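Hi,

Here is the structure I promised to pass on. Have a look at it first, and then read my notes below.

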Amino acid sequence: MSRHLAVFGMQWGDEGKGKIVDYLARSAAAVCRFQGGDNAGHTLVVDGRRIALHLIPSGVLQPDVRCFIGAGVALAPDVLIGEIDTLGQQGFDLGGRLGVSRNCALVLDIHRRIDAAADRRAGIGTTGRGIGPAYEDRIARRGILLGNMFEPDFRSRLGQLYEYHNFRLTDYYGEAAADVEEQYRTCRQAAEYLNQYITDVSGALESIDSAGGGILFEGAQGAMLDVVRGTWPYVTSSNTLPAAISFGAGFDFRRIDCVVGIAKAYATRVGEGPFATEQDGEIGRRLSERGHEVGTTTGRPRRCGWLDAGALKSGARLSGVDAIVLTKLDVLDGFDEILVSLGCDADGAPQYETLPGWDGEVAGVRRWEDLPAGARRFIEHLENLTEVPLQMISTGPERGHTIVRVNPWEG
Ligand code: IMP
């Protein structure tokens, strides 16, 4: 039996982690975010209702699961408060079960302004949520952490930070300055509201572990967006791999029993950057339409293409992946041929293998035996290529549209 799981995306994010975390959280005592910020977007579909989350762990929909936001997360207080309120209106009470580290880097209005201005020049295609500039501030040791909002010198620290960034905004980017007083007022209100959630996350995880509870660590974005290991500079600004759990959550990642990599049956990417298997013709259009490939956070259409099994294999080795969960397999229903890349040659061109499509439908199937034979062969072939067992398969957006061959908690 696994006690602790890490769940992370193996591609460029948007692999459908939210649904899988929601499912696996049923057996967890706690779910913890350890990196990223509200650049992440998880859409969960429960009883036909769509619930979009950006900061709060996807375990929140399971009533008894505790939710933590670790110190590695870049935290926008206004977004967090909005999510707590929205979830409350939808009947999900967070009272006493949400804990946020006081050491999260704060994301402020000025970070969003800088993000937008900088990206107009850099062309990374960021989400504009201010996550990069907030992490930059942390690394540069001039930023503000959530806990600093409660300290007497908060106003002067905020003033200094605004002075620095306003200089960039006005003198370098030629834009209007941002108003520190307005930010100070909203931070004071946010601090009052969020005080009840401040928790020693590392200590709380330790206690849950000692009491025998299982912890699920929920990654955001994906391996190929990792700031060091990804397709730099077209990456996000945090480490997205499970190794980041140690510092981002304050929990030794070697104590994780099962690393679960989530991969979509094809590939998508939002924003700029290399994407060797991208299909911009009819195939891309079909994947996009069938997969509803529009960003949860930005509403941008996602670029679509074929799965890169070679990248999955090397990503799995790097992160010690024990199990893969394959999502959105139903999107490939009706294709006569499915291409899978085995990796790229020296010029960066993908080396494809062409596999036959299948007769019948994957959509909505709940049992392995009920999958079309061709779809089962496709899965088994991917297992051979990646050398990792594909333990779960998602066949549609609803909670029940899930095939569990082996439950990662038990595998
Ligand atoms: P940033 O994280 O907003 O700085 O954006 C940097 C890159 O990461 C852009 O290409 C974004 O589209 C991408 N990105 C950030 N978060 C996500 C996500 O949750 N899913 C998919 N792409 C993301």
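**Around the ligand**

A polar side-chain atom of Thr236 sits 2.6 Å from an oxygen atom of the ligand. Before going further, please keep in mind that this is a predicted model. In total, 16 residues surround the ligand, and the closest are Asp14, Asn39, Thr127, Thr236 and Arg300. Asp14 takes part through its side chain, where an N or O atom is 3.3 Å from a nitrogen atom of the ligand. With Gly125 the backbone is involved: one of its polar backbone atoms is 3.5 Å from an oxygen atom of the ligand.

**The cores**

The largest nonpolar core has 55 residues. Leu205, Phe217, Leu326, Leu329, Leu332 and Phe378 are the ones that touch the most other members. If you want a residue to start from, try Leu329: leaving aside residues up to four places away in sequence, Leu329 touches Ala265, Trp358, Val362, Phe378, Ile379, Ile393 and Ser394. Apart from this core lies another, of 51 residues, with Ala74, Val79, Leu146 and Ala191 among them. As a general point, nonpolar side chains in soluble globular proteins tend to be buried together.

**Trp306**

You'll find Trp306 in the loop between β12 (303–305) and β13 (307–308). Is Trp306 buried or exposed? Its relative accessible area is 2%, so Trp306 counts as buried. Not counting residues up to four places away in sequence, its contacts include Tyr266, Gln279, Leu332, Phe335 and Tyr352. Ile338 is also one of the residues Trp306 touches; the two are 32 residues apart in sequence, yet 7.9 Å apart in space from C-alpha to C-alpha.

**Asp333**

Asp333 is in a loop too, this time between β14 (323–327) and β15 (337–344). Which side chain of opposite charge is nearest to Asp333? That is Arg290, at 4.4 Å, and Asp333 has no salt bridge although it is buried. The cut-off for a salt bridge is 4 Å, so a distance of 4.4 Å does not qualify. What the side chain of Asp333 does reach is the backbone nitrogen of Ala363, at 3.1 Å. Beyond four places in sequence, Asp333 touches Arg286, Arg290, Trp358, Gly360, Glu361, Val362 and Ala363. Trp358 and Val362 came up above as contacts of Leu329.

**Helix α1**

Last, a look at helix α1, which covers residues 17–24 and is mostly covered, with eight of its eight residues buried. The buried residues include the charged Lys17, Lys19 and Asp22, along with Ile20, Val21 and Leu24.

Cheers

Terms used
Residues numbered from 1 in each chain as written. Predicted model: local features only at pLDDT ≥ 70, side-chain atom pairs only at ≥ 80, totals over all residues. Heavy atoms only, no water. Core = buried A, V, L, I, M, F, W, Y, C linked by side-chain atoms within 4.5 Å. Buried < 20%, exposed > 50% of the residue type's maximum accessible area, 1.4 Å probe, protein only. Contact = heavy atoms within 4.5 Å. Helix = DSSP H or I, 4+ residues; strand = E, 2+ residues; numbered from the N terminus. Polar contact = N/O pair within 3.5 Å; in protein donor to acceptor, adjacent residues only side chain to side chain. Near = heavy atom within 4 Å.
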